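Please look over the sequence and the model before reading on. The text below goes through the parts in turn.

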Amino acid sequence: MEIEQLQHIATQVRRDIVRMVHAVNSGHPGGSLGCTDLLVALYFDVMHLKRDEQGAAIFDMNATDEDLFFLSNGHISPVFYSVLARSGYFPVSELATFRKLDSRLQGHPATAEHLPGIRIASGSLGQGLSVACGAAFAKRLNGDDKHVYVLMGDGEQQEGQIWEAASFAPHHKLGNLTAIIDFNGQQIDGPTNLVMNNRDLGAKYRAFGWNVTEMNGNDMGDIIKTLHESKNDPEVPTLILMKTEMGFGVDFMMGSHKWHGVAPNDEQLAVALNQLPITAGMSDY
């Protein structure tokens, strides 16, 4: 898909995000907005996914002969739900049920609701990389040549389980695994370097045996290029430090941890939507 088309989809997804969290006065817009370009790139261009003759996504929990994505930092569920809906996993209209009673779109994704596209419950941070390692290992054992992607937060790197998985992947030569860290420097309590300094994450992963690269997570062209290049080594997993701006696309939300988990009020929503015009060929839910 052309870069401009992907950018248009990303704008609409950002509209979805701010409307979803505003409607229930809860949710996590900051990281969702920052990671929008990545998820749009994955689901609309990079990943090999199963689709029917009409182009709608086909969900199979076993994911045989298709690429996999796991969201480890599950609190950014608004962007995940929007991208899944916009790519055909379930009706876009269902986004209006976000965080409401009996909704399949819970605040953190869960498998109990049987929402197509959701493969693990995520929200307890630190677990996604382990799951992705298991899936990548299983694909290799099954002779499945498709790829596994996982997104984590930079604050999440403070979890011990991350480093057990980081040791596992290179040891088992999981070259079919790409891990991505949303490197925005912010977590719920403030800047990551003040809460618990991760120091040089790239050096840490290299020491564990990973290929390490960087990309601008708010530049669609750089994302596409880097994701394709991450699959070049069949025996070494890749870690991408993805530099993003929390709240990207909405000027008053950008760069501050204050919008990690705060919904905009009516006036702020209007300002945000004015900065995110409705995409041609798409519409609000």
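What follows covers the record, the paired strands, one helix and the cores.

The model is predicted. UniProt, in an unreviewed entry, places the feature "domain: Transketolase N-terminal" at residues 9–272. In the model, the C-alpha atoms at the two ends of residues 9–272 are 16 Å apart. Helix makes up 37% of this span and strand 12%.

The strands come next. Strand β2 and strand β3 run parallel and are joined by 6 bridges. Within this pairing, Met 152 has Ile 181 of β3 as its bridge partner. On its other pairing, β3 is matched with β7, again in the parallel sense and over 6 bridges; here Ala 179 stands opposite Leu 239 in β7. Strand β7, residues 238–243, also pairs with strand β6, residues 211–216, in the parallel sense over 6 bridges. In that pairing Thr 213 is placed opposite Ile 240. As for β3 itself, 6 of its 7 residues are buried, and the strand is mostly covered.

Helices link some of these strands. A right-handed β-α-β unit is made by β2, α6 and β3. Another right-handed β-α-β unit consists of β6, helix α9 (residues 220–229) and β7.

Helix α6, residues 160–171, can be followed in more detail. Its buried residues are Ile 162, Trp 163, Ala 165, Ala 166, Ala 169 and Pro 170. Why do the buried residues of α6 line one face of the helix? Seen down the axis, they fall within an arc of 160 degrees, so they share one face. An α-helix has 3.6 residues a turn, so residues three or four places apart point the same way. Glu 164 and His 171 are exposed, on the face turned away from the buried side of α6. What do the buried residues of α6 pack against? Their partners are α5 (128–141), β2, β3 (177–183) and α8 (201–208). Just after the helix, Lys 173 takes a positive phi of about 55 degrees.

One residue of α6 serves as an example. Ala 169 belongs to this helix and is buried, with a relative accessible area of 0%. Leaving out residues up to four places away in sequence, Ala 169 touches Cys 133, Leu 174, Leu 177, Trp 210 and Pro 237. Phe 208 is 39 residues from Ala 169 along the chain, yet their C-alpha atoms are separated by 8.9 Å.

The last topic is the nonpolar cores. In soluble globular proteins, nonpolar side chains tend to be buried together. The largest nonpolar core of this model has 55 residues. Leu 38, Tyr 43, Phe 69, Leu 151 and Leu 227 have the most contacts inside this core. At least two residues of the core come from each of α1 (3–24), α3 (36–46), β1 (68–71), α4 (77–86), β2 (148–153), α9, β7 and α10 (266–275). Which residues is Leu 38 in contact with, leaving aside neighbours within four places in sequence? They are Leu 151, Ile 180, Met 215, Gly 217, Ile 223, Leu 227 and Met 242. A second core, separate from the largest one, has 27 residues, including Phe 70, Leu 129, Ile 181 and Val 212. Ile 181 of this second core is also the bridge partner of Met 152.

Notes:
Residues are numbered from 1 along each chain as its sequence is written. This is a predicted model: local features need pLDDT of at least 70, side-chain atom pairs count only at pLDDT 80 or more; totals for chains, interfaces and linings use all residues. Side-chain values use heavy atoms; hydrogens and water are left out. Two strands pair if DSSP finds at least two bridges between them. Helices (H or I, at least four residues) and strands (E, at least two) are DSSP runs, numbered from the N terminus. A crossover is right-handed if, with the strands pointing away from the viewer, the path from the first strand over the helix to the second runs clockwise. A nonpolar core is a set of buried Ala, Val, Leu, Ile, Met, Phe, Trp, Tyr and Cys residues joined through side-chain atoms within 4.5 Å. Buried means under 20% relative accessible area, exposed over 50%, partly exposed in between (1.4 Å probe, protein chains only). Contact means heavy atoms within 4.5 Å. UniProt positions are given in the numbering used here, feature names are shortened, and annotations may be inferred rather than shown by experiment. The arc is that of the directions from the helix axis to the C-beta atoms.
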